[in-house]
Amino acid sequence: MMNTQVLISGAGPVGLVSALVLGQAGVSVTVLEAAASLSMDLRASTFHPPTLDMLARYGLTEKLISMGLVARYTQQRDRQEGVVAEFDMNLLQADVDHPFRLQCEQWKLTQLIKEQLDAMPHVKLLFSTQLDSVTQTADKVHASFSCEGESQAITADYMIGADGSRSATRRSQDIEFEGFTYPDRFLVISTDFEYADHLPKLSYVNYCSDPQEWCVLLRVPTLWRVLFPTKPEETDEQVMSDEAVQARLQNLLPQPQPYKTIHRTLYNVHQRVAKTFSRGRVFLAGDSAHINNPLGGMGMNGGVHDAMNLSLKLLQVIQEGQDASLLDRYERQRRTIAIEYINASTARNYREIEERDPVARKRTQDDLRATAADPVRAREYLRKTSMIDALERAEAIA
Ligand SMILES: Cc1cc2nc3c(=O)[nH]c(=O)nc-3n(C[C@H](O)[C@H](O)[C@H](O)COP(=O)(O)OP(=O)(O)OC[C@H]3O[C@@H](n4cnc5c(N)ncnc54)[C@H](O)[C@@H]3O)c2cc1C
């Protein structure tokens with residue numbers, strides 16, 4: 001029977017940040033990862049300023065900056081009229097050490113963390129190993145997992161379920177995932193086409209509203225990523241066909257030649273929060289605890305904030321002898337933020353970007369222009385959209 005102090009299910013950004021914080025402090029950690037290697041999927045690509053501040057304490061931010069693009073400006077655009085409002089993240093200088101968004105693929109973070117974990121003998125990262133079930137006694141967590149068709153068991157003092165939106169940990173604890181799934185799926189296309197040469201004043205992060213078909217244009221070091229909504233009645237095959245992909249791109253910016261596309265991903269979008277983030281010695285963090293639409297880039301960032309909050313509390317309990325009731329504060333803080341900030345802001349971003357009513361569109365655009373033109377209001381706006389307010393609100397929760 002294997003033993004570990006903290007068992008983590010899932011080697012995504014949330015599981016690995018948790019493993020790093022705990023492992024660097026000397027806690028023995030075992031991470032179970034169902035896949036054969038770390039995911040290289042093009043998923044989240046924005047690091048918000050407070051996330052960069054947190055990761056800097058572990059020597060990760062400088063490395064990520066060298067692998068990414070510093071985005072000082074973000075834009076709200078209108079697909080027909082161009083820039084509506086541009087926000088200068090430098091206004092956050094007094095609030096954070098890194099007053100910018102970093103455009104960098106999430107797989108670069110997990111790879112960098114793995115390099116550090118590989119040098120820690122007390123941290124085990126087991127691939128092709130799938131968590132199957134979890135039970136608890138008063139002082140231990142007992143989990144079973146399968147590896148190469150064989151079932152094995154492990155015992156831990158605490159467990160973090162960071163195994164994504166379909167979390168086996170969450171299911172094992174019978175925790176409801178409350179919320180809804182949007183009827184329309186999102187299509188992300190990446191291309192090496194240089195949009196900045198054709199769309200005037202484009203920044204690295206551009207939210208483009210439109211009453212017919214909104215989109216988001218995001219730069220990562222070698223590619224542009226274009227996110228489109230799709231219609232519920234379109235089948236997967238229709239959406240992903242060359243013809244439909246080219247039609248969407250040509251409609252956004254007509255070009256004489258077809259676009260070269262590098263990736264195409266179609267995915268379901270949800271707003272869901274787990275009914276509870278903890279049950280006894282088992283905790284949920286990241287996508288296993290809350291999922292949201294990607295408008296605002298809060299999924300991975302919010303998950304990293306969960307991982308930091310929970311792991312630092314576990315250290316206080318495991319190493320400093322603090323009472324385990326301290327861990328209840330994790331749920332109070334992070335579930336509140338998932339509902340009040342992450343879910344609320346991303347749902348609002350979706351409503352605003354897809355708004356069809358011309359009066360409501362004009363009101364939103366006028367408000368964005370006035371906000372960007374006033375440095376005090378612009379800073380307030382950026383503190384919200386960069387998740388700084390959310391972290392301060394969490395700190396204020398006892
Ligand atoms: C297509 C797509 C695009 C996205 N784009 C954005 C974006 O632009 N911006 C943004 O902020 N967010 C985006 N997200 C969301 C973002 O990627 C997630 O919020 C983030 O990955 C959450 O990290 P996590 O570690 O909680 O979960 P994950 O990254 O999902 O990691 C979970 C890990 O657990 C493993 N696992 C699952 N089940 C088991 C099991 N039973 N046993 C062991 N291991 C298991 C999985 O293999 C996986 O490696 C996107 C998500 C998707 C799917």
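How many residues surround the ligand, and which are the closest?

**View 1. Surroundings of the ligand in the predicted model.** The ligand is surrounded by 33 residues, of which the closest are Gly-10, Gly-12, Gly-164, Gly-286 and Gly-299. By residue class, the shell around the ligand consists of 15 polar, 14 nonpolar and four charged residues.

**View 2. Elements that contribute to the shell around the ligand.** At least two residues of this shell come from each of two helices, helix 1 (13-24) and helix 8 (299-320), and likewise at least two from each of two strands, strand 9 (129-136) and strand 17 (261-267).

**View 3. An open sheet of three strands.** The strands follow the order 12-18-21 and their pairing is antiparallel; strand 12 (177-181) and strand 21 (290-291) are the edge strands, each of which pairs on one side only. Strand 12 and strand 18 (residues 270-274) run antiparallel and are joined by five bridges, with Phe-177 standing opposite Ala-274 of strand 18.

**View 4. Helix 9 packed on the sheet.** Helix 9 (residues 328-354) touches strand 18 and strand 21, and its direction makes an angle of about 175° with that of strand 18.

**View 5. The whole protein, as context for the close-ups.** The protein contains 12 helices and 21 strands. Its radius of gyration is 21 Å, close to the 21 Å given by the globule rule for 398 residues, so the protein is as compact as a globular protein of that length. The C-alpha trace spans about 65 × 45 × 40 Å along its principal axes, and 43% of the 398 residues count as buried. Of the contacts between residues at least 6 apart in sequence, 73% join residues at least 24 apart.

Note on methods. Residues numbered from 1 in each chain as written. Predicted model: local features only at pLDDT ≥ 70, side-chain atom pairs only at ≥ 80, totals over all residues. Near = placed C-beta within 6 Å. Helix = DSSP H or I, 4+ residues; strand = E, 2+ residues; numbered from the N terminus. Nonpolar A, V, L, I, M, F, W, Y, C, P; charged D, E, K, R; others polar. Pairing = 2+ DSSP bridges. Contact = placed C-beta atoms within 7 Å. Axes fitted to C-alpha atoms, helices over the stretch in contact; angles between N-to-C directions. Rg over C-alpha atoms; globule rule 2.2 N^0.38 Å. Buried ≥ 20, exposed ≤ 12 C-beta atoms within 10 Å, placed from the backbone.
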